[in-house]
Each structure stands twice: as C-alpha cells, then as structure tokens.
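Dear colleague,

I am handing over a structure that you have not yet worked with, and my notes on it follow below. Please read them with the model open beside you.

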Amino acid sequence: MAVTVFRLNGQFLDVAEELARPAGLTAAHWQVLGAVIEAPLPVAGIARAMGITRQAVQRIADILADNGMVEYRRNPAHRRAKLVAPTPQGVEAVKRIGPAHAVFADRLCEALGDDRAADVDRLLRELSETLEALAAEDRG
C-alpha cells in the first residue's frame, strides 16, 4: 500500500504543479494556501491538516508572505504561534486554479465513474484515519 500511495502522491503532485503554475503558485504553495482559505491556522495546524512537517509549512508560509499571498496575524489562543491567513491576493490565486481543477476532477470522476470515485475517496479517508489511530496507539 505504501509504495502505491507514494506513487499516487507523486502523480497528484505533478497534476497540482500543472494546475497551480498559471496562478503563479507551486503545488506546495497551493497546499498551504488551501489549508487556510476557510480560516486562519497556526503553522502547526496547517502541518497537521496537510500531513507535512511544521518546518516545511513555515518555509512555504514565509515565501507566501514575502509574495503577498498570506499574512501573519496575532493568535488570541497563543502568544508566539501566529495565525497564517490568506490575503486577497492569495484568495484570488486559489480562485484562478478552481476552473482547471474542476475540469480535471470531472475528468477523473468520469474515468472512474462517480460512484467508484466516491468509494476511492472514502477508502483513502479511512486509510488515513486508521494510520492516525495506529500512530496514536504507538505514542500512547
């Protein structure tokens, strides 16, 4: 399973790079922006949500901030862990990806069939939740 997921991750990253490029983003930039598009999060929260390291998120968030795509805000829940929030420019960049992303998603669902695509999504979520539960058992 792991080797298949590694390959699938690489394939999705290739697709994400192609989709993000016209908006001036990379797949990693899109991933971090996507995590905060609904609500600001601290770097650690983005890392947990996206399954990547806190250090990688911090590096990407700093690049996005330098490019005016996100801003750091005061976090009322934590003095030192600032919130990462998209700027209007960041929101617009993600919106520019939307149409091409929708076209690709439609093609993928059509190729698999809508019911099968929904099953794949459900199974991948279950796999992720199971891995989280096993990791929690190992820590606990």
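A crossing of two helices is called right-handed if the near helix is turned clockwise from the far one by less than a right angle, and left-handed if it is turned anticlockwise. Please keep in mind throughout that this is a predicted model.

With that term in hand, I begin with the pair α1 and α5, where α1 passes α5 in a right-handed crossing. The contact is made by F12, V15, L19 and A20 on the side of α1, and by I97, A100, H101, F104 and L108 on the side of α5. Sorted by character, the residues of this contact comprise eight nonpolar, one polar and no charged. The axes of α1, which covers residues 2-20, and α5, which covers residues 88-112, come within 9 Å and cross at roughly 145°.

The next pair is α3 (residues 43-50) and α4 (residues 54-66), whose axes lie 8 Å apart and which pack at an angle of about 115°. The crossing of α3 and α4 is right-handed, and in it V43, A44, I46 and A47 of α3 meet R54, V57 and Q58 of α4. The residues of this contact divide into five nonpolar, one polar and one charged.

Turning to the interior, the largest nonpolar core has 24 residues, of which L25, W30, L33, I46, L64, V84 and I97 touch the most other members. The elements that contribute two or more residues to this core are α1, α2, α3, α4 and α5, and the largest share, six residues, comes from α2. Helix α2 itself (residues 27-36) is largely enclosed by the rest of the structure, because seven of its 10 residues are buried; these are A27, H29, W30, V32, L33, A35 and V36.

Two members of the core deserve a separate look. Leaving aside neighbours within four places in sequence, L25 is in contact with A20, W30, L33, L64, M69, A93 and I97. V84, for its part, sits in strand β3 (residues 83-86) and counts as buried because its relative accessibility is 0%, where buried means under 20%. Not counting residues up to four places away in sequence, V84 touches V36, P40, L41, V43, I46, A61, V70, E71 and Y72. Between V84 and G140, which are 56 residues apart along the chain, the C-alpha atoms are separated by 30 Å.

With best regards

Note on methods
Residues are numbered from 1 along each chain as its sequence is written. This is a predicted model: local features need pLDDT of at least 70, side-chain atom pairs count only at pLDDT 80 or more; totals for chains, interfaces and linings use all residues. Side-chain values use heavy atoms; hydrogens and water are left out. Axes are lines fitted to C-alpha atoms, for helices over the stretch in contact, and angles run from 0 to 180 degrees between N-to-C directions. Helices (H or I, at least four residues) and strands (E, at least two) are DSSP runs, numbered from the N terminus. Contact means heavy atoms within 4.5 Å. Ala, Val, Leu, Ile, Met, Phe, Trp, Tyr, Cys and Pro count as nonpolar, Asp, Glu, Lys and Arg as charged, and the others, Gly among them, as polar. Buried means under 20% relative accessible area, exposed over 50%, partly exposed in between (1.4 Å probe, protein chains only). A nonpolar core is a set of buried Ala, Val, Leu, Ile, Met, Phe, Trp, Tyr and Cys residues joined through side-chain atoms within 4.5 Å.
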